[in-house]
Amino acid sequence: MFWNDWITVLLMMASGFFFLAGTVGLLRFPDLFSRLHALTKADNLGLGLLVLGLIFQIDSLLDGLKLGLIWAFALLAGSTGCYAIGRFFLHSDQKVRESVRPKEGGGE
Amino acid sequence: MSLPAGLLDGLLALLLVILAVRALIAPTLYQCAVAFISFGLTLSLAWARLAAPDVALAEAAIGAGLLGVLLINSLRDFSRGGDDASAIFGKDLPTALFSRTVISCGTLAFAAVLGMAMFHMPEGGGLTALTEASLPHSGVEHPVTAVLLNYRSYDTWLEIGVLVVAMLAIFCAGGFEGFRRPEQGPDSDPVIESLARLLAPLMVMVAGYLLWLGKAYPGGAFQAGVVLAAAGIILQLAGWQIIENLSTWAWKWGLGIGFFFFLALAVSFMPLGLGFFEYPEAWAGPLILVVEVLATLSIGLTLTCFFVYFNGMGASESRRRTR
């Protein structure tokens with residue numbers, strides 16, 4: 001294995017950690033806003049580290065640019081989606097708010 | 001196949017089955033829809049693993065993206081009676097039992113046919129050799145595009161026709177009045193609107209790129225059309241109302257042009273002695289490009305119309321309720 005493979009492995013493992021932590025947070029956190037936080041954290045950092053790790057495996061600048069674009073669009077879409085969900089929740093009535101609260105004794 | 005790759009494929013296959021079952025038997029319709037969207041995404045990954053990027057692209061765009069939007073949208077508008085998934089089988093016990101039996105038998109029969117097909121795989125790679133051999137005469141360089149728009153263009157024409165028929169069915173169900181309502185739309189939001197302003201032009205560019213790419217690489221009219229529709233839907237969500245502001249003339253022609261141009265092309269060379277859907281070899285490339293451009297426009301417009309129409313119908317429904 002060359003040095004770049006080792007960097008990729010390290011970055012991928014870090015990315016995997018963030019995805020795992022984000023998923024656990026999404027399932028276990030008590031309310032919608034903290035869950036959104038967990039989810040977008042996984043998207044931003046997890047995907048970012050994944051893309052960074054893959055950049056050490058490519059040959060051309062164009063491929064790196066494409067990978068970077070993927071991350072940038074995921075960031076944009078992720079944050080906007082997070083904002084839209086949060087806004088809907090803030091403007092929603094009591095019934096909707098009750099429905100996203102987890103059952104007693106933790107999440108599903 | 002190496003062990004990690006085999007492990008990945010095994011996990012994918014397992015996940016597909018779990019998600020498929022989940023999409024059928026989840027307790028609420030919303031969960032069914034979410035499982036179905038995840039199923040579409042996983043399926044597109046599976047197609048990519050099977051080295052079928054054309055199908056993977058189409059599945060990701062249509063199966064996971066557009067169908068998901070339509071499903072969630074319809075759910076919000078039409079599940080007024082509650083979100084209980086078992087309610088769709090019928091209200092009283094005999095009806096529910098009957099519909100469950102019919103659906104189970106149908107599914108079993110379908111699975112049996114699929115299983116039989118698996119045990120009788122065509123030998124010698126089917127028509128691959130023939131497809132490759134005729135590629136220089138097809139006018140394009142990508143075998144999938146050659147099959148879709150030259151060898152079997154009849155099938156593709158009918159697929160575009162299905163969309164036109166679906167649109168007509170929607171009009172029949174609700175009438176034109178429910179569709180043309182420019183004064184109301186989703187309330188616009190600065191954040192979503194700025195995202196739409198940024199993404200929509202890029203998506204139109206990507207659609208054009210996919211269309212052009214179809215000549216030699218995976219891509220083509222359906223994928224490009226769906227990306228175009230996604231741009232339309234995002235603009236619609238941002239409150240732009242592009243469809244409602246099109247002139248009647250423009251969207252009627254827009255919906256039909258792909259289908260009717262393809263048909264006109266199919267018959268226009270018959271007086272010269274060529275068959276139905278047969279093009280002169282020298283013109284095949286440019287003609288296919290024109291068909292694809294028009295089909296992309298029609299597909300994009302039709303799919304955006306589906307979304308807009310469901311949205312409009314939901315809005316008028318809720319207005320009626322609040323009165």
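In this predicted model, chain B exposes about 18200 Å² of surface. Carbon and sulfur atoms supply 74% of that area. Of the 323 residues of chain B, 38% count as buried.

The fold of chain B is built from helices. The secondary structure comes to 12 helices and zero strands. Read along the sequence, the pattern is α-α-α-α-α-α-α-α-α-α-α-α. Contacts across the sequence were also counted. Among contacts in chain B with a separation of 6 or more, 73% join residues 24 or more positions apart.

The interior was examined next. The largest nonpolar core holds 42 residues. Six of its members touch the most other members: Leu66(B), Leu255(B), Phe262(B), Tyr279(B), Leu303(B) and Phe306(B). Several helices of chain B give two or more residues to this core. They are α3, α6 (143-151), α7 (153-174), α9 (221-237), α11 (248-268) and α12 (284-322). Helix α12(B) gives the most, with 14 residues. Another core lies apart from this one and has nine residues. Among them are Ala207(B), Leu210(B), Val227(B) and Ala231(B).

Phe306(B) illustrates the contacts of a residue in the largest core. Residues up to four places away in sequence are not counted here. Beyond them, Phe306(B) touches Leu70(B), Leu163(B), Ala166(B), Met167(B) and Ile170(B).

Gly254(B) offers a second view of the packing. This glycine is found in helix α11 of chain B. Its relative accessibility is 14%, so Gly254(B) counts as buried, the limit being under 20%. Neighbours within four places in sequence are again left aside. Gly254(B) is then in contact with Ser298(B) and Leu301(B). The C-alpha atoms of Gly254(B) and Leu297(B) are separated by 6.8 Å. Along the chain, these two residues are 43 residues apart.

On the surface, a nonpolar patch covers about 440 Å². The patch is made by Tyr30(B), Val34(B), Phe36(B), Leu67(B), Leu71(B) and Ile72(B). Two helices of chain B, α2 (29-49) and α3 (53-78), each supply at least two of the patch residues. Phe36(B) lies in helix α2. With a relative accessible area of 32%, Phe36(B) is partly exposed. Patch members must have over 30% relative accessible area. Phe36(B), at 32%, therefore meets that limit.

Charged pairs were then surveyed. Side chains of opposite charge can pair when their charged atoms come close. The structure holds three salt bridges over all chains. One of them joins Asp9(B) and Arg49(B), with the closest N and O atoms 2.7 Å apart. Asp9(B) lies in helix α1 (residues 3-25) and Arg49(B) in helix α2, so the pair ties together parts that are 40 residues apart in sequence. Both partners are partly exposed: Asp9(B) has 22% relative accessibility, and Arg49(B) has a relative accessible area of 39%.

Another salt bridge links Arg152(B) to Asp155(B). The closest N and O atoms of this pair are 3.3 Å apart. Arg152(B) counts as partly exposed, at 45% relative accessibility. Asp155(B) is also partly exposed, with a relative accessible area of 32%.

A further salt bridge is formed by Arg197(B) and Glu193(B). Here the closest N and O atoms are 3.2 Å apart. The two residues are four residues apart in helix α8 (residues 190-213) of chain B, so about one helical turn separates them. Arg197(B) is exposed, with a relative accessible area of 53%.

Cysteines were checked for cross-links. A search of the whole structure finds zero disulfides over all chains. Cys105(B) and Cys305(B) differ in their surroundings. Cys105(B) counts as partly exposed, at 48% relative accessibility, whereas Cys305(B) is buried, with a relative accessible area of 0%.

Conventions. Residues are numbered from 1 along each chain as its sequence is written. Chains are lettered from A and ligands numbered from 1 in the order in which they are written. This is a predicted model: local features need pLDDT of at least 70, side-chain atom pairs count only at pLDDT 80 or more; totals for chains, interfaces and linings use all residues. Side-chain values use heavy atoms; hydrogens and water are left out. Patches are made of residues with over 30% relative accessible area and no salt bridge: like charges are joined within 9 Å, nonpolar side chains (Val, Leu, Ile, Met, Phe, Trp, Tyr) within 5 Å. Accessible areas come from the Shrake-Rupley method with a 1.4 Å probe; for residues, only the protein chains shown count as cover. A salt bridge is a side-chain nitrogen of Lys or Arg within 4 Å of a carboxyl oxygen of Asp or Glu. Buried means under 20% relative accessible area, exposed over 50%, partly exposed in between (1.4 Å probe, protein chains only). A disulfide is a pair of cysteine sulfur atoms within 2.5 Å. A nonpolar core is a set of buried Ala, Val, Leu, Ile, Met, Phe, Trp, Tyr and Cys residues joined through side-chain atoms within 4.5 Å. Contact means heavy atoms within 4.5 Å.
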